[in-house]
Amino acid sequence: MRKKRLLARTPVLLCMLLATLFSYAQNKTVTGKVTDAKDGSPLAGVSIVPKGSAKGTTSGVDGSFRITVPAATRTLIFSSIGFGSKQIDLSGDVIDVQLSATNTAMNEVIVVGYGTQRKREVTGAISRVGGDKISEIPVPSFEAALEGRAPGVQVISGNGLAGSGSVIRIRGVGSISASGDPLYVVDGVPIIADPFIRTNSGAMNQNPLSSINPNDIESIEILKDAGATGIYGSRGANGVVLITTKRGKSGTPQFSYSNKLGIATYTKKQDFVDGPQWLQLRQEAWMNDGHTGLATLPNNIPWAVASQTNTNWWDLLTQKGFINDHSLSMSAGTSKLKTFANLTYSNDQGYLKKNAYTRMGVRLNMDYNVLSNLKISLTSAYNRGINRRVHAAWDGGIGDAMSSALPIYPAYNATHSDYYRGYTNPVIALNEYQRRQTDSRVLGGLAVEYQPIHNLFVRANYSLEYTRSNDDQFNGPQLDTSIHSGYAQRSPNWGTNQTGNITANYLWNPGEMHKFNFLLGVEAQDYRRKGYTKDPIVDYTNKPFWENPGDYKRVRDSLLSAPAPMTELAQEMFTFNSFFGRINYTFHDKYSLQVIGRVDGSSKFGTNHKHGFFPAVSAAWNISDESFMKNITPISYLKLRASYGVVGNANFGSGLYYDKYTLGANSYVGRQTLYYNYPGNPDLQWETLHNVDAAAEFGLFNNRLTGEIAYYYKTTSNLILKPGLPPSTGFTDSYRNLPNSKILNQGLEISANLKVIEEKDLKWSVGGNIARNQNKVLKYELGPDAVSGGTNDTRIVKGLPVGVNYLVRFHGVDPSDGLPIWLDKNGKETKTFSLDHRTYVGAVQPDYFGGFNTNLQYKGFELSSLFTFVIGGNIYENSGKYQFLGVSKKFWNFRKDFLDRWTKPGDVSKYPRLVADVASYPGVPSEDQFNSTMFLRSASYLRMRELTIAYRVPRAALKKLFFKDFRVFATGTNLLTFSKYPGGDPEITRDFENSQDRNLSPNISYLTAPTQKTFVFGINANF
């Protein structure tokens, strides 16, 4: 029976199959990619419909599309808001389409965590800085080039030491002991950027970012609110800096070469008295204290010798540094393979003699379309930085020239046969001491992206960051006359940072008005840094280890094979495992909603809090697309956005929650003892930040004036601290989360850009940004002396900003006797100094900061400048008190601005009379305790950060030459500084002891080398 039914149905089934085949024969499938005509970047969400039909598809996140249309279809229509629509005649099954933007502000592609978005659909606070702004000026490290370019991002540039790092704060400081630095992500890889790997050895923190090549950078996106940083969960509290490197573009091979040659010097230095003046002031102080006769001099140096000596130590230790920077890159691409390669070399000498930073790098980025739905991407780079270091600050060198290297000391003996010894003489170390720190970084990543079905993109990525650092020092025999050859030492460390993630991204467009973008991902990170149990490795030799690697290997191997062998030591280890998701919904291309959730687990967290959940929600409304805005012609673009979310700060050391034991010095019954010396904390967890953000982005008068106004309110709670423990516990301190603690950062950011003139041959634009951040400790249960920053100079006090100075208030000078007048805690005048009079004054954080720029172009000529500024805040001169007491028994150099001192009864002066012994000021216990507002200064300044004059050779003149584009330029950095700060450079980036010091005391100056001033000439050539 069944066979009969089947036979009866066979003709029907055959007819249906033939109909289906006939139907398919009447259709055809078209594939391709939609890109931006300006820069070739992929365009997602572009509507693609056959002409005369309402049904179609949209392009995916990489701009690709696939559409099945009737065979008779001759034309496809491509359209997207903000771009001009385009009709394409079908001449084949594969087409690539370029759309031109009608509103570039709306359609700029922004890099976000684990993807990209059009600016009009971005719901978070993100500032973008193009790679051309990063590479065009010579800076110690790429992050310094961000200064003044992004609202709400405070960048304190590195000091005058080559390769020095900057301090970056995004929307204020929200932590005390945990790091306040942002998370750095390079091509999707969270990199290691810990400045305390070598603490502050040699008066300088290591800068792991300095080895990154600025010429490799395509763009930097700075994520500021929870709507943007929430996708990074427990590491997004301090903001995220996304660094995207350059990749190959379609077309024949294009080569680019850039070169910068120039000189470097200092910005503003401290001005000291010369030898005769110093002796005169010393005698004055001696007599003010009631002594008669000639004053005693340091180490009883004879007045006859001192009077005939006038050494300018600054000139002996400084030079005009030479800058030499080269970069050669190649970009090429076909429909299958795109390649970008780059070679760079730079050698930037600082203005300190024998101080230089050399950077060498090579990069190869490749994207290969194996199939139409399968792509493999390779990201690889090797960077090597060699920092030829010199003594500075408290370590000597230029610090000595500002402190104890007096002008009455000669550098050499009378016959110049030997150095002048017995006194501070930084020239000895300059000539006989060598230090070289070498940092190598290999960053490689392999990503596979597969599109199993239309609009579903699965991406798997694995990245490896390998770092190796050698800190070499060599003391010649002249530094230690007890040795005959020399003394070499090396401190090595190395680390691996492995990151792997898998993401699935699905675009769903259920109708013309609805667009969804779903992202799910899982990520794991494993970081391990190692060194040796014996550190440093040393040998008596006549060469440093970098000149004799065989000698280093011999010494190292002998230690590894010794009876009590040296072994590898884990210095830092941690892991993260994460699950995250993001949903983006856009309605009618006007309303956007984003929901983020991330679960982070980490070995850094205590056993009772291994995982945390971090949610965020944000929304945006493109008001200018509403019908009621059509007749408001002055407004070209208007968008409102808002966000709320919870993120964390896990930027603290690993293993802090462990119980710790130490080997005892004494044995017990012949065995080594082990004692418990640090209590663990299984409840240790991340700091928690609640973040609210609201902003308006606008474009007026056909986008001649564009800008943004943003307000944020964020609070950090659950602060990580290491306060002291009661003596009854038997322990000194332990890390813990302070339960009743909260820090507020709220502020306003304004940025704008105006195209004043926009003609064919003449263009002029001006722009700028300003930010106001209010920082306050809202809750804090500990006393003000529980934690401090600097050299005990700043405190944490409820109701005040993070890092307030704790000083005795100086109220002037008594004209009758020249003694200083102080204020006690009640504000009453007294002439007796007491540390009990100390109170909370000043603030290390500014009231306002930002930058403004202008750009003028006439035909091939260009003139541009960038000014940066700080308004408010204070600098405390911790070395200033010693310099003022320089002619006392401290015996330091004396600054000229202190010459406004009392000399006789009736004088009205800024500073009190000079003394030979600080005890002559009633109540002052010692020079070290002479802390007062006498040395608290205004931190306000205005600086010409950059000035560039350039000329681009007309293309018509290049037709017969090898070049497609040729530009010559001259750039100066830090050319002018306007400030009332008397201590030299008002931009202070000193060495820090730890993260707490970096948070509380960024504006504490101690013999800080001023920032560099540079003049460079260069070319940019494309061929």
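Q: Two strands pair if DSSP finds at least two bridges between them. In this predicted model, which residue of S51 is the bridge partner of Ala970?
A: S49 (residues 965-979) is joined to strand S48 (residues 941-952) by 11 antiparallel bridges. S49 also pairs with strand S51 (residues 1012-1022), again in the antiparallel sense, over 9 bridges. Within S51, the bridge partner of Ala970 is Phe1017.

Q: Which residue of S49 is the bridge partner of Tyr951?
A: Strands of a sheet pair through backbone hydrogen bonds, either parallel or antiparallel. Strands S48 and S49 run antiparallel. In S49, the bridge partner of Tyr951 is Val968.

Q: Which strands stand at the edges of the open sheet with the order S4-S1-S7?
A: This open sheet has 3 strands and mixed pairing. An edge strand has a single partner strand, so one of its sides is left without a neighbour in the sheet. The two strands in that position are S4 (64-70) and S7 (94-99).

Q: By how many degrees are neighbouring strands of the S4-S1-S7 sheet turned against each other on average?
A: The order S4-S1-S7 describes an open sheet. With direction ignored, the average turn between its neighbouring strands is 30 degrees.

Q: Which residue of S7 stands opposite Lys33?
A: Strand S1 (residues 27-36) and S7 run parallel and are joined by 6 bridges. Opposite Lys33, in S7, stands Asp96.

Q: In the open sheet S37-S38-S39-S43, which residue of S39 is the bridge partner of Arg795?
A: The 4 strands of this sheet pair in the antiparallel sense. Strands S37 (788-789) and S43 (839-841) stand at its edges. Strand S38 (residues 794-795) and strand S39 (residues 804-807) are joined by 2 bridges. In S39, the bridge partner of Arg795 is Val804.

Q: How many charged residues does the lining of the second largest pocket hold?
A: The second largest pocket has a volume of about 970 Å³. Of the 44 residues that line it, the closest to its centre are Asp194, Asn651, Phe652, Gly653 and Ser995. Elements that give two or more residues to this lining include strand S25 (514-532) and helix H13 (995-1000). The lining divides into 19 nonpolar and 14 polar residues, and the number of charged residues is 11.

Q: Is Gly130 buried or exposed?
A: Gly130 is found in strand S10 (residues 126-130). Beyond its neighbours within four places in sequence, Gly130 is in contact with Glu218 and Ser219. Its relative accessibility is 16%, and the cut-off for burial is under 20%, so Gly130 counts as buried.

Q: What is the C-alpha to C-alpha separation in space of Gly130 and Ile217?
A: Gly130 and Ile217 lie 87 residues apart in sequence. In space, C-alpha to C-alpha, they are separated by 8.2 Å.

Q: Where is Pro536, the residue that follows a cis peptide bond from Asp535?
A: The peptide bond from Asp535 to Pro536 has omega near 5 degrees. Pro536 has its place in the loop between S25 and strand S26 (537-540).

Q: Is Ala203 buried or exposed?
A: Ala203 has a positive phi near 60 degrees although it is not a glycine. It lies in the loop between S14 and strand S15 (217-223). Its relative accessibility is 4%, and residues under 20% count as buried, so Ala203 is buried.

Q: What is the relative accessible area of Asp187?
A: Asp187 is not a glycine, yet its phi is positive, about 50 degrees. Asp187 is found in the loop between S13 and strand S14 (189-190). Asp187 is partly exposed, with a relative accessible area of 25%.

Definitions and conventions
Residues numbered from 1 in each chain as written. Predicted model: local features only at pLDDT ≥ 70, side-chain atom pairs only at ≥ 80, totals over all residues. Heavy atoms only, no water. Axes fitted to C-alpha atoms, helices over the stretch in contact; angles between N-to-C directions. 1 Å grid on protein atoms, 1.4 Å probe; cavity = no way out; pocket = protein on both sides within 12 Å on 5 of 7 lines; lining within 4 Å. Points joined across faces, edges and corners; volume = space filled by probe spheres on them. Nonpolar A, V, L, I, M, F, W, Y, C, P; charged D, E, K, R; others polar. Buried < 20%, exposed > 50% of the residue type's maximum accessible area, 1.4 Å probe, protein only. Contact = heavy atoms within 4.5 Å.
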